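Here are some questions a first-year student might put to a protein model, each answered by setting a value against a definition.

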Amino acid sequence: MEKDFTKQKEAFAELLDIMETLREKCPWDHKQTLESLRTLSVEEVYELGDAILKNDMQEVKKELGDLLMHIVFYALIGKEQEQFDMTDVLNEICAKLRYRHPHIYGEVKVEDENDVLRNWEQLKLKEKGRHNKVLEGVPDALPALVKAYRIQDKVRGVGFDWKQKEDVWQKVREELGELEVEVARKDQERMEEEFGDFMFAMINAARLYGINPEDALEKSNKKFIRRFSYVEKKAHETERNLSDMTLEEMDEYWNEAKAMEKA
C-alpha cells in the first residue's frame with residue numbers, strides 16, 4: 001500500500017514557515033537563544049509526561065505540538081549560526097534509526113525486544129566518542145531517579161545485569177539493613193549514602209519487573225494529593241482547620257477517601 005505523507009509534509013512546512021516569520025518579526029522569538037529555550041523545553045517535556053499519565057489525548061496532542069515547535073526553533077537557531085538546519089537534524093536521525101535497526105534495514109536476526117535493546121546499546125558504543133564508555137550517553141542534567149533507571153538500563157545492554165530478576169530482592173534487603181544500621185547510629189552523612197543505595201536497588205527492582213519508577217512514583221504522588229484533598233474538603237465541610245484536628249480524625253477521612261477509590 002502506497003504511503004501518502006502529503007498532508008504531513010504540508011503541515012510541517014507551514015510550521016517551518018511560521019517559525020521563520022516569528023524569528024524575524026516577533027521581539028520575543030527574535031531574542032531567544034539555545035540556552036534560553038532549554039528550561040522551557042524541559043518544562044514542555046514534563047507537561048507532555050503529565051498528559052500521558054492522565055491519558056488525556058487532546059493534551060498529549062497539544063504538548064507534542066509545543067515540543068515539536070521547540071525542535072524547529074533549535075534547528076532555526078542552528079541554521080542562523082551556520083551549524084546545522086532542520087534538514088540536517090532529520091537526515092541524522094533517519095540515518096541513526098536505520099543504523100541502529102539492522103534487524104530491519106540489514107541482515108541481523110533478533111528473537112525479541114531484549115535482543116533489539118542489546119544491539120542498540122552495542123551499536124551506540126561503536127559510534128564516535130563512545131568506544132569504551134557505556135554510560136557516556138546518560139545526561140548529567142537528568143533527575144536522579146530517571147538517571148538511575150537509565151544507568152541500569154544501559155549497563156544491562158552490555159550484559160551487566162541480574163541473571164534471575166528475583167535475586168534483586170536480596171540486594172534490596174541488604175541495602176535496607178545497611179540503612180537501618182546507619183539510622184540507629186544517627187550518622188546523617190552515612191544515612192544519606194545508604195538511603196541512596198537503597199533507592200538505587202529499588203529502582204533496579206522496578207526495572208527488572210517492567211515498572212517505570214518515575215511513573216510509579218508520580219502516580220503515588222497524585223494518589224496522595226487526591227486523598228489529602230478529600231481530607232481538606234471534609235475538614236472544610238465541618239468548618240475546622242486541619243491544624244486543629246487530631247491525626248486520628250484526619251486518618252478517618254483519609255481511610256474514607258481510600259475506601260471510595262476501591263469501591
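Contact here means heavy atoms within 4.5 Å. The model is predicted.

Q: Which residues does Val72 touch, leaving out those up to four places away in sequence?
A: Val72 touches Phe12, Leu15, Leu16, Met19 and Met86. A contact requires heavy atoms within 4.5 Å, so each of these five names stands for a pair that meets that cut-off.

Q: What makes the group with Leu15, Val72 and Met86 a nonpolar core?
A: The group consists of Leu15, Met19, Leu37, Val72, Phe73, Ala75, Leu76, Ile77 and Met86, nine residues in all, and is the largest nonpolar core. A core is a set of buried residues of listed nonpolar kinds, joined through side-chain atoms within 4.5 Å. The nine are therefore buried and joined in this way. Helix H1 (6-25) and helix H4 (57-80) each supply at least two residues, and H4 gives the most, with five. Apart from this core lies another, of eight residues, among them Tyr230, Val231, Trp254 and Ala257.

Q: Why is Leu123 called buried?
A: Leu123 has a relative accessible area of 12%. Buried means under 20%, so Leu123 qualifies. The residue is found in helix H7 (residues 113-126). Leaving aside neighbours within four places in sequence, Leu123 is in contact with Tyr99, Arg100 and Pro102.

Q: Why is Ile211 called partly exposed?
A: The relative accessible area of Ile211 is 40%. Partly exposed covers the range between under 20%, which is buried, and over 50%, which is exposed. The value falls in that range, so the label follows. Ile211 lies in the loop between helix H10 (188-208) and helix H11 (213-237).

Q: What makes Ile211 eligible for a nonpolar surface patch?
A: Patch residues need over 30% relative accessible area, and Ile211 has 40%, so the cut-off is passed. The patch is made by Trp169, Met202, Tyr209 and Ile211 and has an area of about 340 Å².

Q: How do you know what span to expect for helix H3 (residues 34-53)?
A: The expected span is 1.5 Å times one less than the number of residues. H3 has 20 residues, and the expected value is 28 Å. From its first C-alpha to its last H3 reaches 28 Å, so the span is close to the expected one.

Q: Which residues of H3 are buried, and what do they pack against?
A: Leu37, Ser41, Glu44, Leu48 and Ala51 are buried. The buried residues of H3 pack against H4. Just after H3, Asn55 takes a positive phi of about 55°.

Conventions. Residues are numbered from 1 along each chain as its sequence is written. This is a predicted model: local features need pLDDT of at least 70, side-chain atom pairs count only at pLDDT 80 or more; totals for chains, interfaces and linings use all residues. Side-chain values use heavy atoms; hydrogens and water are left out. Patches are made of residues with over 30% relative accessible area and no salt bridge: like charges are joined within 9 Å, nonpolar side chains (Val, Leu, Ile, Met, Phe, Trp, Tyr) within 5 Å. Accessible areas come from the Shrake-Rupley method with a 1.4 Å probe; for residues, only the protein chains shown count as cover. A salt bridge is a side-chain nitrogen of Lys or Arg within 4 Å of a carboxyl oxygen of Asp or Glu. Helices (H or I, at least four residues) and strands (E, at least two) are DSSP runs, numbered from the N terminus. Buried means under 20% relative accessible area, exposed over 50%, partly exposed in between (1.4 Å probe, protein chains only).
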